[in-house]
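Got the viewer open? Here is a short tour, one selection at a time.

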Amino acid sequence: MAASLVLNRVSRATSSITLRRVAGFSSLNAQIHGGSISGTLLRERSLATLAGGASHFDEMVSVNQRKYYLLGGKGGVGKTSCAASLAVKFASHGHPTIVVSTDPAHSLSDSFSQDLSGGVLKAVQGVDSPLLALEITPETMKEEIKSQTGGKSVKNMMDSMGLGMFAGELGDLNLEDMLNAASPGIDEIAAISKVLQFMESPEYNRFTRIVFDTAPTGHTLRLLSLPDFYDSSISKITKLKKKITAAASAFKSVFGKKEIQQQEPPNELDQLKERMEKVRNVFRDVNTTEFVIVTIPTVMAINESSRLHASLKKENVPVHRLIVNQLLPQSESDCKFCSMRRKEQTRVLGLIQNDTELCGLKLIQSPLLDAEIRGVPALKFMGDHIWR
Ligand SMILES: Nc1ncnc2c1ncn2[C@@H]1O[C@H](COP(=O)(O)OP(=O)(O)OP(=O)(O)O)[C@@H](O)[C@H]1O
């Protein structure tokens, strides 16, 4: 059939992107700065023969209450493209949306083809509903923490809580080092502090969808387990402080001095513990949060996705959907290389169906498009394939 839909958007004065969708085929042709990247028309029909396909986007978009979507997986599989296309799709359906990158190697700016850097929320141009984007940087977070604590260092803060003596000695709990050096964990702390802001500040109330473009697997698992780590660490500090106060009290009473009142744990720690609990609960709440695993049809990526799902299950993080991105569509004039790749792809899709971790997830197919996905029109185009 000759039905065709041609979207032609000028995203900037100097660049234009032409997207072309023809029944049975899809093609993303980019023309940037007068140059032309023209790809072969790719056939979608074969994708329909693979198991699964639709993301059931209607379920994802229907509820007005705030929802968090975290997209994660192995490096380079298309996490940013999928997260950015989901954010654009939510915004196009009237949800004020924030898309946040927690990956230290940010690529949101590249994906949207707009400058979204600087560690602050920036409006994405070219979408109807408000869509804000943020590339989290530990530097900006450090500045924010300093201004919130009146410029006091963490050590000073702990000093003022009567815990200064432990600040430098508790190894993993050395918060000051974490803030002052680019140590592992700092990006995750920055992400958690942002989640807290989104949850607590009235200025973000109206945003009903928060989409996270997460870092490759290891980082992300640390992010999800960090609130637990802090929760138990704070409990340890509180217990330690109680013990020391009790011991000091006993010591002083033996020597006839006035007994020290058993002090309640400092209020700041209680508050911190409460806030960590909030973040931990939101990551695990099936009514508010979903982690979408993104993968590609290779054995290595599928194995990592399987391990990721096992870890997320252990952390009680809700997972329902698995995107298999960059699926090579069928072509009538299949070259040897393409037909070999396609055979391999079919084999790998079989592995997903037999994988005990992955077989229960909704499988979403996302075709390999014939141009790089950059800019809002391209993300809309990709989103129409995935989020349907
Ligand atoms: N379905 C697709 N068709 C064509 N190109 C794609 C597709 N998905 C992703 N790409 C391209 O692959 C590259 C990597 O994608 P992306 O940055 O989204 O991956 P990522 O998983 O976020 O990577 P990283 O782990 O490095 O952050 C980009 O150039 C993107 O345009």
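Start with everything shown as cartoon. The protein has 13 helices and 12 strands, and keep in mind that this is a predicted model. Color by burial next: 50% of the 388 residues are buried. Switch on the surface and you are looking at about 18,700 Å² of exposed protein, with carbon and sulfur atoms supplying 54% of it. If you like contact maps, here is a number to go with yours: among contacts with a separation of 6 or more, 72% are between residues 24 or more positions apart.

**Stop one: helix α2**

Select residues 79-92, which make up helix α2. How far apart are its end C-alpha atoms? They sit 20 Å apart, and that agrees with the 20 Å that 14 residues should span at 1.5 Å a residue. Now check the burial coloring here: 13 of the 14 residues in α2 are buried. Step past the end of the helix and pick G94, where phi is positive, near 90 degrees.

**Stop two: the ligand**

Select the ligand and expand to its shell. You should pick up 19 residues, and the closest are G76, K79, T80, S81 and E372. Which element gives the largest share of that shell? It is α2, the helix you just left, with 3 residues.

Now zoom in on the polar atoms. N325 places a polar side-chain atom 2.9 Å from a ligand nitrogen. E372 does likewise with a ligand oxygen, at 2.8 Å. For I373, show the backbone instead: one of its N or O atoms lies 3.1 Å from an oxygen of the ligand. Taken on its own, the ligand has 640 Å² of accessible area, and the protein covers 79% of that. The elements giving two or more residues to the shell are α2 and β11.

**Stop three: salt bridges**

Side chains of opposite charge can pair when their charged atoms come close. A search of the whole structure turns up 10 salt bridges; let's visit some.

First, select E304 and K74, whose side chains meet at 3.7 Å, N to O. E304 belongs to helix α11 (residues 299-314), while K74 is in the loop between β5 (67-73) and α2, so you are bridging 230 residues of chain. Buried or exposed, what is E304? It counts as buried because its relative accessible area is 17%, under the 20% cut-off. K74, at 25%, is partly exposed.

Next, pick R321 and E290, a salt bridge at 2.7 Å, N to O. This one runs from strand β11 (residues 319-327), home of R321, to E290 in strand β10 (residues 289-295), with their positions 31 residues apart. Both ends are covered: R321 is buried at 2% relative accessible area, and E290 is buried at 5%.

Then go to E357 and K313, which meet at 3.2 Å, N to O. E357 lies in the loop between α12 (336-354) and β12 (362-367), and K313 is in helix α11, 44 residues away along the chain. E357 counts as buried at 17% relative accessibility, whereas K313 is partly exposed at 46%.

For the last selection, show E59, E290, R321 and K362 together: salt bridges that share partners join them into one network. You have already met two members of it, E290 and R321, as a pair.

Conventions:
Residues numbered from 1 in each chain as written. Predicted model: local features only at pLDDT ≥ 70, side-chain atom pairs only at ≥ 80, totals over all residues. Heavy atoms only, no water. Helix = DSSP H or I, 4+ residues; strand = E, 2+ residues; numbered from the N terminus. Buried < 20%, exposed > 50% of the residue type's maximum accessible area, 1.4 Å probe, protein only. Contact = heavy atoms within 4.5 Å. Areas by Shrake-Rupley, 256 points an atom, 1.4 Å probe, with all protein chains shown as cover. Expected span 1.5 Å × (residues − 1). Salt bridge = Lys/Arg side-chain N within 4 Å of Asp/Glu carboxyl O. Near = heavy atom within 4 Å. Polar contact = N/O pair within 3.5 Å; in protein donor to acceptor, adjacent residues only side chain to side chain.
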